[in-house]
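Q: Could you take a close look at the inside of this structure for me? I would like to hear about any enclosed space and about the charged pairs.

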Amino acid sequence: MKCESCGKPAVVNKYCKTCFIKYFEKEFKKGLGNLKGKSLCVAVSGGKDSLTTLYLTKKFYPKNKILALLIDEGIKGYRPHTIKSLKKYAKEWDIPYKIVKFEKPLDDIKGSRACSVCGVLRRYYLNKHARGFDVLITGHNLDDEAQATLMNVFMRYASRFKRMTMPLVTHKLFIKRIKPLRHLSEREVMAYFILKGFDTPMDECPYARSSFRDVVRTALNEFECKHPGSKLNIIKAYDSLNISNSTGHLSSCIYCNEPSSNEVCQACKILRN
Amino acid sequence: MIIKGLDKELEFDFRGSVLALLKALKLNPVEHLVIVNGELAHESKHLCGNEEVKIIRVVSGG
(Lines give C-alpha, C1' and ligand atoms only; values in the text may rest on other atoms or scores of the structure.)
Protein backbone atom coordinates (compact mmCIF):
# COMPACT_ATOMS: atom_id res chain seq x y z
CA MET A 1 0.00 0.00 0.00
CA LYS A 2 1.24 3.49 -0.86
CA CYS A 3 1.15 6.54 1.39
CA GLU A 4 -1.91 8.62 0.65
CA SER A 5 0.08 11.85 0.93
CA CYS A 6 3.37 11.19 -0.87
CA GLY A 7 3.17 7.80 -2.57
CA LYS A 8 6.01 6.15 -0.61
CA PRO A 9 5.36 2.72 0.96
CA ALA A 10 2.88 3.05 3.86
CA VAL A 11 3.85 1.80 7.33
CA VAL A 12 0.85 2.76 9.50
CA ASN A 13 -2.76 3.39 8.50
CA LYS A 14 -2.56 5.18 5.15
CA TYR A 15 0.80 6.90 5.74
CA CYS A 16 4.55 6.41 5.30
CA LYS A 17 6.81 7.08 8.30
CA THR A 18 7.33 10.81 7.59
CA CYS A 19 3.69 11.55 6.80
CA PHE A 20 2.42 9.52 9.78
CA ILE A 21 4.67 11.47 12.16
CA LYS A 22 3.39 14.73 10.63
CA TYR A 23 -0.25 13.60 10.96
CA PHE A 24 0.26 12.40 14.55
CA GLU A 25 1.99 15.59 15.70
CA LYS A 26 -0.64 17.76 14.00
CA GLU A 27 -3.45 15.88 15.82
CA PHE A 28 -1.57 16.15 19.12
CA LYS A 29 -1.02 19.89 18.70
CA LYS A 30 -4.71 20.34 17.93
CA GLY A 31 -5.58 18.46 21.13
CA LEU A 32 -3.13 20.53 23.14
CA GLY A 33 -4.63 23.86 22.07
CA ASN A 34 -3.02 27.22 22.70
CA LEU A 35 -0.95 27.06 25.90
CA LYS A 36 1.32 30.02 25.27
CA GLY A 37 2.60 31.42 28.56
CA LYS A 38 0.93 28.70 30.69
CA SER A 39 2.72 26.56 33.25
CA LEU A 40 2.28 22.89 32.34
CA CYS A 41 2.28 19.85 34.58
CA VAL A 42 2.42 16.58 32.60
CA ALA A 43 1.22 13.42 34.34
CA VAL A 44 3.65 10.63 33.47
CA SER A 45 3.87 6.95 34.23
CA GLY A 46 6.96 6.30 32.12
CA GLY A 47 4.88 4.33 29.61
CA LYS A 48 4.57 5.06 25.89
CA ASP A 49 1.50 7.31 26.13
CA SER A 50 2.78 9.64 28.82
CA LEU A 51 6.33 9.79 27.47
CA THR A 52 4.95 10.69 24.03
CA THR A 53 2.80 13.37 25.68
CA LEU A 54 5.78 14.74 27.59
CA TYR A 55 8.03 14.77 24.52
CA LEU A 56 5.51 16.55 22.30
CA THR A 57 4.45 19.05 24.98
CA LYS A 58 8.09 20.07 25.29
CA LYS A 59 8.48 20.09 21.50
CA PHE A 60 5.53 22.46 21.00
CA TYR A 61 6.07 24.59 24.13
CA PRO A 62 9.84 24.58 24.76
CA LYS A 63 9.78 27.91 26.62
CA ASN A 64 6.91 27.09 29.00
CA LYS A 65 7.48 25.96 32.56
CA ILE A 66 6.98 22.16 32.41
CA LEU A 67 7.04 19.58 35.19
CA ALA A 68 6.73 15.80 34.73
CA LEU A 69 4.71 14.42 37.65
CA LEU A 70 4.81 10.68 38.32
CA ILE A 71 2.54 9.02 40.87
CA ASP A 72 4.15 5.83 42.15
CA GLU A 73 1.35 3.49 43.23
CA GLY A 74 3.73 1.05 44.83
CA ILE A 75 3.19 -1.93 42.55
CA LYS A 76 6.18 -4.20 42.96
CA GLY A 77 7.90 -5.39 39.80
CA TYR A 78 5.96 -2.98 37.59
CA ARG A 79 6.30 0.72 38.34
CA PRO A 80 10.08 0.76 39.11
CA HIS A 81 10.78 -0.20 35.47
CA THR A 82 8.96 2.79 33.99
CA ILE A 83 10.37 5.18 36.61
CA LYS A 84 13.79 4.41 35.10
CA SER A 85 12.46 5.40 31.67
CA LEU A 86 11.03 8.67 32.98
CA LYS A 87 14.36 9.57 34.58
CA LYS A 88 16.25 8.73 31.39
CA TYR A 89 14.02 10.78 29.08
CA ALA A 90 13.51 13.68 31.53
CA LYS A 91 17.29 14.10 31.54
CA GLU A 92 17.55 13.75 27.75
CA TRP A 93 14.75 16.26 27.12
CA ASP A 94 15.82 18.56 29.97
CA ILE A 95 12.50 18.45 31.86
CA PRO A 96 12.33 18.49 35.69
CA TYR A 97 10.33 15.70 37.29
CA LYS A 98 8.69 14.95 40.62
CA ILE A 99 7.77 11.51 41.96
CA VAL A 100 4.98 11.20 44.53
CA LYS A 101 4.43 7.87 46.25
CA PHE A 102 1.07 6.59 47.49
CA GLU A 103 0.97 7.01 51.29
CA LYS A 104 0.18 3.30 51.42
CA PRO A 105 1.38 1.12 48.49
CA LEU A 106 -1.47 -0.17 46.29
CA ASP A 107 -0.26 -3.71 46.92
CA ASP A 108 -1.22 -3.21 50.60
CA ILE A 109 -4.61 -1.51 50.18
CA LYS A 110 -6.15 -2.77 46.96
CA GLY A 111 -8.71 -5.23 48.37
CA SER A 112 -10.70 -6.65 45.50
CA ARG A 113 -10.99 -3.42 43.50
CA ALA A 114 -7.40 -2.54 42.65
CA CYS A 115 -8.18 -0.46 39.55
CA SER A 116 -10.95 1.61 41.19
CA VAL A 117 -8.79 2.31 44.24
CA CYS A 118 -5.79 3.14 42.08
CA GLY A 119 -7.88 5.46 39.87
CA VAL A 120 -9.29 7.43 42.80
CA LEU A 121 -5.89 7.85 44.44
CA ARG A 122 -4.03 8.71 41.23
CA ARG A 123 -6.57 11.46 40.36
CA TYR A 124 -6.37 12.73 43.96
CA TYR A 125 -2.57 12.94 44.05
CA LEU A 126 -2.29 14.35 40.53
CA ASN A 127 -4.74 17.15 41.27
CA LYS A 128 -3.09 17.88 44.62
CA HIS A 129 0.51 17.92 43.38
CA ALA A 130 -0.19 19.70 40.08
CA ARG A 131 -1.61 22.62 42.04
CA GLY A 132 0.13 25.86 41.20
CA PHE A 133 0.31 24.92 37.50
CA ASP A 134 -2.18 26.30 34.99
CA VAL A 135 -2.84 22.99 33.27
CA LEU A 136 -2.49 19.27 33.95
CA ILE A 137 -1.81 17.32 30.75
CA THR A 138 -2.47 13.57 30.74
CA GLY A 139 -1.64 10.82 28.24
CA HIS A 140 -5.13 9.31 27.95
CA ASN A 141 -5.54 8.03 24.39
CA LEU A 142 -8.61 7.27 22.27
CA ASP A 143 -8.80 3.69 23.57
CA ASP A 144 -8.73 4.83 27.22
CA GLU A 145 -11.47 7.37 26.58
CA ALA A 146 -13.73 5.09 24.55
CA GLN A 147 -13.34 2.34 27.19
CA ALA A 148 -14.13 4.74 30.03
CA THR A 149 -17.22 6.04 28.20
CA LEU A 150 -18.60 2.52 27.72
CA MET A 151 -17.67 1.44 31.26
CA ASN A 152 -19.58 4.39 32.72
CA VAL A 153 -22.60 3.50 30.58
CA PHE A 154 -22.45 -0.23 31.39
CA MET A 155 -22.09 0.48 35.12
CA ARG A 156 -24.61 3.37 35.03
CA TYR A 157 -22.09 5.76 36.61
CA ALA A 158 -24.00 8.89 35.60
CA SER A 159 -21.87 11.46 37.40
CA ARG A 160 -18.58 9.89 36.24
CA PHE A 161 -19.98 9.84 32.72
CA LYS A 162 -20.76 13.54 32.87
CA ARG A 163 -17.38 14.57 34.25
CA MET A 164 -15.18 12.62 31.84
CA THR A 165 -13.78 15.71 30.16
CA MET A 166 -14.17 18.22 32.98
CA PRO A 167 -15.23 18.38 36.64
CA LEU A 168 -18.99 18.72 37.05
CA VAL A 169 -18.51 21.60 39.42
CA THR A 170 -15.81 24.23 38.94
CA HIS A 171 -13.59 24.74 41.96
CA LYS A 172 -10.43 26.78 42.39
CA LEU A 173 -8.60 23.66 43.63
CA PHE A 174 -9.40 21.64 40.48
CA ILE A 175 -6.62 21.97 37.91
CA LYS A 176 -7.73 22.27 34.30
CA ARG A 177 -6.99 19.02 32.43
CA ILE A 178 -6.05 18.46 28.81
CA LYS A 179 -5.83 15.11 27.00
CA PRO A 180 -4.02 15.75 23.70
CA LEU A 181 -3.98 12.06 22.71
CA ARG A 182 -7.76 11.78 23.06
CA HIS A 183 -8.30 11.37 19.32
CA LEU A 184 -5.28 9.13 18.69
CA SER A 185 -5.55 5.38 19.18
CA GLU A 186 -3.27 3.30 21.38
CA ARG A 187 -2.01 1.60 18.22
CA GLU A 188 -1.13 4.96 16.66
CA VAL A 189 0.66 6.08 19.83
CA MET A 190 2.69 2.86 19.87
CA ALA A 191 3.53 3.30 16.17
CA TYR A 192 4.70 6.88 16.79
CA PHE A 193 6.75 5.76 19.81
CA ILE A 194 8.48 3.06 17.72
CA LEU A 195 9.03 5.29 14.69
CA LYS A 196 10.66 7.94 16.89
CA GLY A 197 13.04 5.30 18.24
CA PHE A 198 11.87 5.63 21.86
CA ASP A 199 11.97 2.70 24.22
CA THR A 200 10.35 1.82 27.54
CA PRO A 201 9.19 -1.42 29.20
CA MET A 202 5.84 -2.41 27.69
CA ASP A 203 4.73 -4.27 30.79
CA GLU A 204 1.09 -4.59 31.63
CA CYS A 205 0.00 -3.71 35.17
CA PRO A 206 -0.37 -6.99 37.12
CA TYR A 207 -3.88 -5.94 38.14
CA ALA A 208 -5.02 -5.00 34.60
CA ARG A 209 -6.19 -8.46 33.47
CA SER A 210 -8.61 -8.83 36.38
CA SER A 211 -10.30 -5.50 35.76
CA PHE A 212 -13.65 -4.68 34.18
CA ARG A 213 -11.73 -2.34 31.86
CA ASP A 214 -9.92 -5.34 30.39
CA VAL A 215 -13.24 -6.97 29.50
CA VAL A 216 -14.44 -3.77 27.81
CA ARG A 217 -11.04 -3.27 26.09
CA THR A 218 -11.08 -6.74 24.53
CA ALA A 219 -14.70 -6.45 23.40
CA LEU A 220 -14.17 -2.95 22.01
CA ASN A 221 -11.04 -4.01 20.10
CA GLU A 222 -12.92 -6.93 18.56
CA PHE A 223 -15.67 -4.52 17.56
CA GLU A 224 -13.15 -1.99 16.19
CA CYS A 225 -11.57 -4.74 14.09
CA LYS A 226 -14.91 -5.52 12.46
CA HIS A 227 -16.16 -1.92 12.39
CA PRO A 228 -13.18 0.46 12.07
CA GLY A 229 -13.82 3.93 13.46
CA SER A 230 -16.10 2.77 16.29
CA LYS A 231 -13.84 4.13 19.07
CA LEU A 232 -13.66 7.55 17.47
CA ASN A 233 -17.43 7.54 16.97
CA ILE A 234 -17.96 6.82 20.69
CA ILE A 235 -15.86 9.87 21.60
CA LYS A 236 -17.52 12.07 18.98
CA ALA A 237 -20.97 10.98 20.16
CA TYR A 238 -19.98 11.82 23.75
CA ASP A 239 -18.65 15.23 22.74
CA SER A 240 -21.82 16.00 20.82
CA LEU A 241 -23.79 15.73 24.07
CA ASN A 242 -22.28 19.10 25.08
CA ILE A 243 -22.22 18.30 28.79
CA SER A 244 -21.41 21.47 30.68
CA ASN A 245 -20.20 21.98 34.21
CA SER A 246 -21.72 24.31 36.75
CA THR A 247 -20.49 26.68 39.45
CA GLY A 248 -22.44 24.93 42.20
CA HIS A 249 -21.08 24.48 45.71
CA LEU A 250 -18.50 21.82 46.48
CA SER A 251 -17.43 21.29 50.08
CA SER A 252 -14.02 20.27 51.40
CA CYS A 253 -13.01 16.96 52.92
CA ILE A 254 -12.88 17.20 56.72
CA TYR A 255 -9.56 15.33 56.79
CA CYS A 256 -7.52 16.70 53.88
CA ASN A 257 -9.39 19.86 52.84
CA GLU A 258 -9.39 18.73 49.20
CA PRO A 259 -12.60 19.43 47.22
CA SER A 260 -15.23 16.79 47.83
CA SER A 261 -18.95 16.35 47.31
CA ASN A 262 -19.13 14.45 50.61
CA GLU A 263 -17.90 15.14 54.14
CA VAL A 264 -15.00 12.70 53.56
CA CYS A 265 -13.44 12.47 50.09
CA GLN A 266 -13.05 9.11 48.32
CA ALA A 267 -9.26 9.14 48.76
CA CYS A 268 -9.47 9.62 52.52
CA LYS A 269 -12.13 6.89 52.74
CA ILE A 270 -9.62 4.52 51.15
CA LEU A 271 -6.53 5.73 53.00
CA ARG A 272 -8.18 5.80 56.43
CA ASN A 273 -9.93 2.43 56.07
CA MET B 1 10.17 -17.80 9.93
CA ILE B 2 11.05 -17.09 13.55
CA ILE B 3 8.53 -14.84 15.26
CA LYS B 4 9.61 -12.96 18.37
CA GLY B 5 7.83 -10.65 20.76
CA LEU B 6 5.05 -12.96 21.88
CA ASP B 7 5.26 -14.77 25.20
CA LYS B 8 7.40 -17.38 23.50
CA GLU B 9 9.51 -17.51 20.36
CA LEU B 10 7.62 -19.20 17.57
CA GLU B 11 8.78 -20.98 14.43
CA PHE B 12 6.10 -20.62 11.79
CA ASP B 13 6.00 -21.55 8.12
CA PHE B 14 4.17 -18.64 6.58
CA ARG B 15 3.93 -16.65 3.36
CA GLY B 16 1.42 -13.87 2.91
CA SER B 17 0.57 -10.42 4.21
CA VAL B 18 1.24 -9.08 7.71
CA LEU B 19 -2.52 -8.93 8.25
CA ALA B 20 -2.89 -12.57 7.21
CA LEU B 21 -0.07 -13.51 9.60
CA LEU B 22 -1.85 -11.87 12.54
CA LYS B 23 -5.09 -13.58 11.59
CA ALA B 24 -3.31 -16.93 11.29
CA LEU B 25 -1.95 -16.44 14.80
CA LYS B 26 -5.44 -15.42 16.00
CA LEU B 27 -4.19 -11.97 17.00
CA ASN B 28 -6.36 -8.87 16.67
CA PRO B 29 -4.61 -6.40 14.27
CA VAL B 30 -6.08 -3.53 16.32
CA GLU B 31 -4.00 -4.71 19.29
CA HIS B 32 -0.73 -5.53 17.51
CA LEU B 33 2.00 -3.99 15.39
CA VAL B 34 4.52 -5.98 13.41
CA ILE B 35 8.21 -5.22 12.96
CA VAL B 36 9.79 -6.88 9.91
CA ASN B 37 13.58 -6.89 9.63
CA GLY B 38 13.73 -4.08 12.20
CA GLU B 39 11.19 -1.81 10.47
CA LEU B 40 7.56 -1.18 11.30
CA ALA B 41 5.53 -2.99 8.62
CA HIS B 42 2.17 -2.11 7.14
CA GLU B 43 -0.59 -4.72 7.34
CA SER B 44 -0.48 -5.08 3.55
CA LYS B 45 3.27 -5.90 3.42
CA HIS B 46 3.98 -9.30 1.87
CA LEU B 47 6.14 -11.73 3.83
CA CYS B 48 8.22 -14.31 1.93
CA GLY B 49 8.92 -16.48 4.94
CA ASN B 50 12.58 -15.68 5.58
CA GLU B 51 12.14 -12.36 7.41
CA GLU B 52 12.90 -11.56 11.03
CA VAL B 53 9.51 -10.81 12.53
CA LYS B 54 8.64 -9.27 15.88
CA ILE B 55 5.05 -8.83 17.04
CA ILE B 56 4.32 -6.06 19.51
CA ARG B 57 1.16 -5.92 21.60
CA VAL B 58 0.12 -2.28 21.71
CA VAL B 59 -1.86 -2.63 24.92
CA SER B 60 0.32 -1.78 27.88
CA GLY B 61 -0.06 -0.10 31.23
CA GLY B 62 -3.19 -0.39 33.33
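A: Happy to, starting with the enclosed space. In this predicted model, a search of the whole structure turns up 1 cavity of 30 Å³ or more. The volume of this largest cavity is about 40 Å³. Residues of both chains take part in the lining: chain A gives A:V11, A:V12, A:N13 and A:R187, while chain B gives B:L33, B:A41, B:H42 and B:E43. By character, the lining splits into 4 nonpolar, 2 polar and 2 charged residues. The charged members are A:R187 and B:E43, and the polar ones are A:N13 and B:H42.

Now to the charged pairs. Counted over all chains, the structure holds 17 salt bridges, and three from chain A are worth a walk-through.

Let us begin with A:K59 and A:E25, which form a salt bridge whose closest N and O atoms are 2.9 Å apart. A:K59 sits in helix α2 (residues 48-60) and A:E25 in helix α1 (residues 17-32), so this pair ties together parts of chain A that are 34 residues apart in sequence. The two partners differ in their surroundings: A:K59 is partly exposed, with a relative accessible area of 40%, whereas A:E25 is buried, at 9%, a value under the 20% cut-off for that label.

Helix α2 also holds A:K48, which pairs with A:E186 in a salt bridge, with 2.8 Å between the closest N and O atoms. Because A:E186 belongs to helix α8 (residues 186-195), the pair ties together parts that are 138 residues apart in sequence. Here both A:K48 and A:E186 are buried.

The third pair is A:E145 with A:K179, whose side chains meet in a salt bridge at 3.2 Å, N to O. A:E145 lies in helix α6 (residues 142-154), and A:K179 lies in the loop between β5 (176-178) and α8, so the bridge ties together parts of chain A that are 34 residues apart in sequence. A:E145 and A:K179 are each buried. There is a little more to follow from here: salt bridges with shared partners join A:E145 and A:K179 with A:R182 and A:D239 in one network.

If you would like to trace these on the model, try the cavity lining with A:R187 and B:E43, then the A:K48 and A:E186 bridge, and finally the network that includes A:R182 and A:D239.

Conventions. Residues numbered from 1 in each chain as written. Chains lettered and ligands numbered in written order. Predicted model: local features only at pLDDT ≥ 70, side-chain atom pairs only at ≥ 80, totals over all residues. Heavy atoms only, no water. 1 Å grid on protein atoms, 1.4 Å probe; cavity = no way out; pocket = protein on both sides within 12 Å on 5 of 7 lines; lining within 4 Å. Points joined across faces, edges and corners; volume = space filled by probe spheres on them. Salt bridge = Lys/Arg side-chain N within 4 Å of Asp/Glu carboxyl O. Helix = DSSP H or I, 4+ residues; strand = E, 2+ residues; numbered from the N terminus. Buried < 20%, exposed > 50% of the residue type's maximum accessible area, 1.4 Å probe, protein only.
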